Amino acid sequence: MAVVGLTLLCSMRLSTLIALTLSTASLWGMPIAPIHAVEQADGTVSFEKSPRLINVFTTFNHVGVWGAKYYFTLQLPENAGEPLQKVTISQREGSETIRFRLDDTLAFTGTARNKGEQLPLQSVNRDDATQTVSVSFAKPIPPGTTFTIGLQPQHNPYWGGVYLFGVTAFPAGEKPYGLYLGVGRLHFYERTSCRWGFC
């Protein structure tokens, strides 16, 4: 019984010592390593908590319109475990392939209706075989950030209907594991009247 009590007392003292050490490190501003690991044994890096695709919309939803923007807003939670490096957007459904002006792609913190600071981009590429646009950031986006990517199509599709875009997020790292966030839905409508000679 005495041995059990002594073991318990030592355990309690050890826990107290660890807590005091962490508290002191926090007070002095020393970085504390996270208690969870998000890097696998083979070096693959993944998110601890999934980012969220929270909104997708277009500034113009009529067919054939030029000058529209498609906005994809994502939220990287505080407990994501890793910063975000890249987002891919793939057209999954639609009557025709939508092509984008890659050089006009932009990104910023916040939402399309409440824009924050601009996020510099490292590269924007398109894979025609998979109809995928890849947007890589110059600096990884830290957890706790809501941000928006704006794509500019050459023009809205000439055929109306629903167009679906699959969105995948990748953490920073040499071997990132992409996490599929779901689809964004855009609905384009046929014009019901003609104005200034255009239908």
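Gln 131 lies in the loop that joins strand E7 (121-127) to strand E8, where helices (H or I, at least four residues) and strands (E, at least two) are DSSP runs numbered from the N terminus. The phi angle of Gln 131 is near 55 degrees, which is a positive value in a residue other than glycine. Because its relative accessibility is 25%, Gln 131 counts as partly exposed, the class between buried (under 20% relative accessible area) and exposed (over 50%), as determined with a 1.4 Å probe and protein chains only.

The model is a predicted one, in which local features need pLDDT of at least 70 and side-chain atom pairs count only at pLDDT 80 or more, whereas totals for chains, interfaces and linings use all residues. Residues are numbered from 1 along each chain as its sequence is written, and side-chain values use heavy atoms, with hydrogens and water left out.

The secondary structure of the chain comes to 1 helix and 12 strands, and along the sequence the helix precedes the strands. Of the 199 residues, 38% count as buried. Among the contacts (heavy atoms within 4.5 Å) with a separation of 6 or more, 71% are between residues 24 or more positions apart.

In soluble globular proteins, nonpolar side chains tend to be buried together. In this model the largest nonpolar core has 31 residues, and those with the most contacts inside it include Phe 72, Leu 84, Val 87 and Phe 137; such a core is a set of buried Ala, Val, Leu, Ile, Met, Phe, Trp, Tyr and Cys residues joined through side-chain atoms within 4.5 Å. Among the elements that give two or more residues to this core are strand E3 (70-76), strand E4 (84-93) and strand E8 (132-141). Leaving aside neighbours within four places in sequence, Val 87 is in contact with several residues, including Leu 74, Phe 137, Phe 147, Ile 149 and Thr 168. Thr 168 is found in strand E10 and is buried, with a relative accessible area of 14%. With the neighbours within four places again left aside, the contacts of Thr 168 include Lys 86, Val 87, Thr 88 and Tyr 180.

At the surface, Trp 66, Tyr 158 and Trp 159 make a nonpolar patch of about 440 Å². Patches of this kind are made of residues with over 30% relative accessible area and no salt bridge, with nonpolar side chains (Val, Leu, Ile, Met, Phe, Trp, Tyr) joined within 5 Å and, in charged patches, like charges joined within 9 Å; a salt bridge is a side-chain nitrogen of Lys or Arg within 4 Å of a carboxyl oxygen of Asp or Glu. Tyr 158 is placed in the loop between E9 and E10, and counts as partly exposed because its relative accessibility is 47%.

Terms used. Areas by Shrake-Rupley, 256 points an atom, 1.4 Å probe, with all protein chains shown as cover.
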